[in-house]
Amino acid sequence: MPLSRKKIKVGLIGVVTLGMVITLFVLERSSTQPANIGIVTKDNLYVLNTCMPPRSDATPREEVRNDTETIFIGRSPCLTHNGSKLVNMPQCQAVVTSSARKLIPIDVIPQTLEALEGIHGKRLELGGMYTPRGCAPVQRVAIVVPYRDRTSHLKIFLKNVHYFLNKQGIQYMIIVVEQAPGSRFNRGMSRNIGFVEGEKMCGFDCYVFHDIDLIPQVDANAYICDDMPRFHSINLERWNHRIPPPVRFGGVVSFKPDVFRRVNGYSNMYFDWGGEDDDIYYRVRERGYHVVRYPMNASLYLDLTHPQSWINPSRFNYLRSGLDRMTTDGLNSLKYRRYLVDFRGLYTWIYAGIDEREVLQNVQQRQG
């Protein structure tokens with residue numbers, strides 16, 4: 001007996017609904033299962049294993065890939081950017097820190113990410129990459145931002161920092177590294193992850209490690225790297241706008257990649273607040289570098305308020321043995337699980353898992 005049109009329609013709806021449920025289940029399983037454990041050495045640091053060619057029928061933003069362990073949405077703009085067009089162009093004008101310092105108006109009213117994409121998106125490639133038009137960039141710069149549970153800060157940061165960076169004469173990409181729940185927040189390790197993933201995606205000339213609650217306020221603060229590490233954020237309200245002591249080296253700092261590798265990046269030991277900035281300062285000095293700074297009036301930042309973070313009670317013990325662990329604790333001992341890489345309109349989002357017990361045991365085993 002032939003089926004009625006109504007029954008056929010109901011059957012088709014059921015099949016489509018079942019398919020959608022199965023698809024969502026697979027994506028959820030892929031994003032919550034343990035992902036890639038990245039063990040980084042100088043021999044495999046440059047292996048480009050995260051950016052596969054796109055499907056011929058997909059636009060970059062539509063493309064969803066899974067390498068069995070990591071979900072990728074889109075593809076790195078570094079693979080689509082045609083650097084050959086820049087060869088015969090004049091170099092962009094770099095920011096001159098000795099020029100007149102102009103205060104940048106800061107807007108601290110959060111807007112939705114969709115609204116911000118409407119404001120900044122036309123100038124950006126997917127992944128939050130900006131390339132100057134009509135000139136060759138001074139440097140290719142990664143802005144690495146550790147992140148966890150600071151939604152309003154992220155929106156304010158993206159709203160203001162793109163305006164600031166657009167005028168720098170650099171090609172830049174904003175890389176937001178979000179640590180998944182399960183362990184205490186590890187800011188230094190998140191910076192290491194941003195560096196390793198940035199090298200895989202693009203291989204930048206300069207890495208600016210940037211706290212999300214600091215907004216640059218002066219256009220003469222050049223986000224480029226010198227041969228020596230640079231401390232950018234020296235003029236802060238939290239320090240009453242006084243010159244910080246020489247050992248202070250946190251907030252916003254920049255490294256050339258070879259220098260960051262030579263100091264073995266940040267220690268992976270510091271969970272919760274405190275210690276990692278002092279630790280890397282001593283690493284920098286141990287390797288024969290010194291920290292450079294811009295003048296105070298070129299280094300003004302707006303502090304975004306937030307609740308006090310949990311303080312790491314072990315930080316002083318770790319600091320006392322920091323230089324003893326320098327060659328075994330850092331980039332070369334980095335272990336994490338990379339769940340998701342998403343090349344979004346305003347930034348590249350890396351969602352990574354850290355197992356605190358595994359990290360601490362690994363460092364102790366390598367040292368012992």
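## A buried arginine

Let's start with a charged residue tucked away from solvent: Arg-338 has a relative accessibility of 1%, so the residue counts as buried. In this predicted model, Arg-338 belongs to strand E14, which covers residues 337–343. What does the side chain of Arg-338 make a polar contact with? The partner is the side chain of Glu-197, at a distance of 3.3 Å.

## The chain as a whole

Stepping back, the protein chain contains nine helices and 15 strands. Of its 368 residues, 52% are buried. The accessible surface adds up to about 17,900 Å², and carbon and sulfur atoms account for 56% of that area.

Contacts across the sequence are worth a look too. Taking the contacts between residues at least 6 apart in sequence, 81% join residues at least 24 apart.

## Three disulfides

How many disulfides does a search of the whole structure find? The search turns up three. Counting the bonded cysteines along the chain, their pattern reads 1-4, 2-3, 5-6.

One of the bridges runs from Cys-78 to Cys-202, with an S to S distance of 1.5 Å. This bridge links distant parts of the chain, 124 residues apart: Cys-78 sits in helix H2 (residues 77–80), while Cys-202 sits in the loop between helix H5 (187–201) and strand E8 (206–210). The link of Cys-78 and Cys-202 is right-handed, with 85° about the S-S bond. Cys-78 has a relative accessible area of 16% and is buried; Cys-202 is buried as well, at 16%.

## The other two bridges

Cys-92 and Cys-135 are joined by a disulfide with an S to S distance of 2.0 Å. Here, too, distant parts of the chain are linked, 43 residues apart: Cys-92 is in the loop between H2 and helix H3 (113–120), and Cys-135 is in the loop between strand E5 (129–130) and strand E6 (140–147). Why is this disulfide of Cys-92 and Cys-135 right-handed? The torsion about its S-S bond is about 90°, so that is the hand it takes. Both ends are out of the solvent: Cys-92 is buried at 6% relative accessibility, and Cys-135 is buried with a relative accessible area of 15%.

The sulfur atoms of Cys-206 and Cys-225 lie 2.1 Å apart in their disulfide. Cys-206 is in strand E8 and Cys-225 is in the loop between strand E9 (214–216) and strand E10 (230–231), so the bridge ties together parts that are 19 residues apart in sequence. The link of Cys-206 and Cys-225 is right-handed, with 70° about the S-S bond. Are these two cysteines buried or exposed? Cys-206 has a relative accessible area of 0%, so this residue is buried, and Cys-225 is buried at 4%.

## Aromatic rings and their charged neighbours

The whole structure holds 18 aromatic pairs. One of them brings together Phe-204 and Tyr-207: the ring centres are 5.7 Å apart and the planes meet at 85°, so the pair is edge-to-face. Phe-204 is buried at 4% relative accessibility, and Tyr-207 is buried at 1%.

Phe-204 and Tyr-207 also take part in a cluster linked by ring pairs, together with Phe-195, Phe-209, Phe-231, Trp-239, Phe-249, Phe-255, Phe-260 and Tyr-266. Phe-204 has a charged companion as well: the charged end of Arg-140 sits over its ring, 5.6 Å from the centre. In another such arrangement, the charged end of Arg-230 sits over the ring of Tyr-294, 3.8 Å from the ring centre.

## Helix H7 and what it packs against

Helix H7 spans residues 276–286, and its buried residues are Glu-276, Asp-277, Asp-279, Ile-280, Tyr-281, Arg-283 and Val-284. For a helix of the α kind, there are 3.6 residues a turn, so residues three or four places apart point the same way.

Which elements do the buried residues of H7 pack against? They pack against H5, strand E11 (252–255), helix H6 (257–262) and helix H8 (315–320). After H7 comes Gly-288, which has a positive phi, near 90°.

Note on methods
Residues numbered from 1 in each chain as written. Predicted model: local features only at pLDDT ≥ 70, side-chain atom pairs only at ≥ 80, totals over all residues. Heavy atoms only, no water. Helix = DSSP H or I, 4+ residues; strand = E, 2+ residues; numbered from the N terminus. Buried < 20%, exposed > 50% of the residue type's maximum accessible area, 1.4 Å probe, protein only. Polar contact = N/O pair within 3.5 Å; in protein donor to acceptor, adjacent residues only side chain to side chain. Disulfide = S-S within 2.5 Å. Phe/Tyr/Trp six-rings, centres within 6.5 Å; stacked < 30°, edge-to-face > 60°. Lys NZ or Arg CZ within 6 Å of the ring centre and 35° of its normal. Contact = heavy atoms within 4.5 Å. Areas by Shrake-Rupley, 256 points an atom, 1.4 Å probe, with all protein chains shown as cover.
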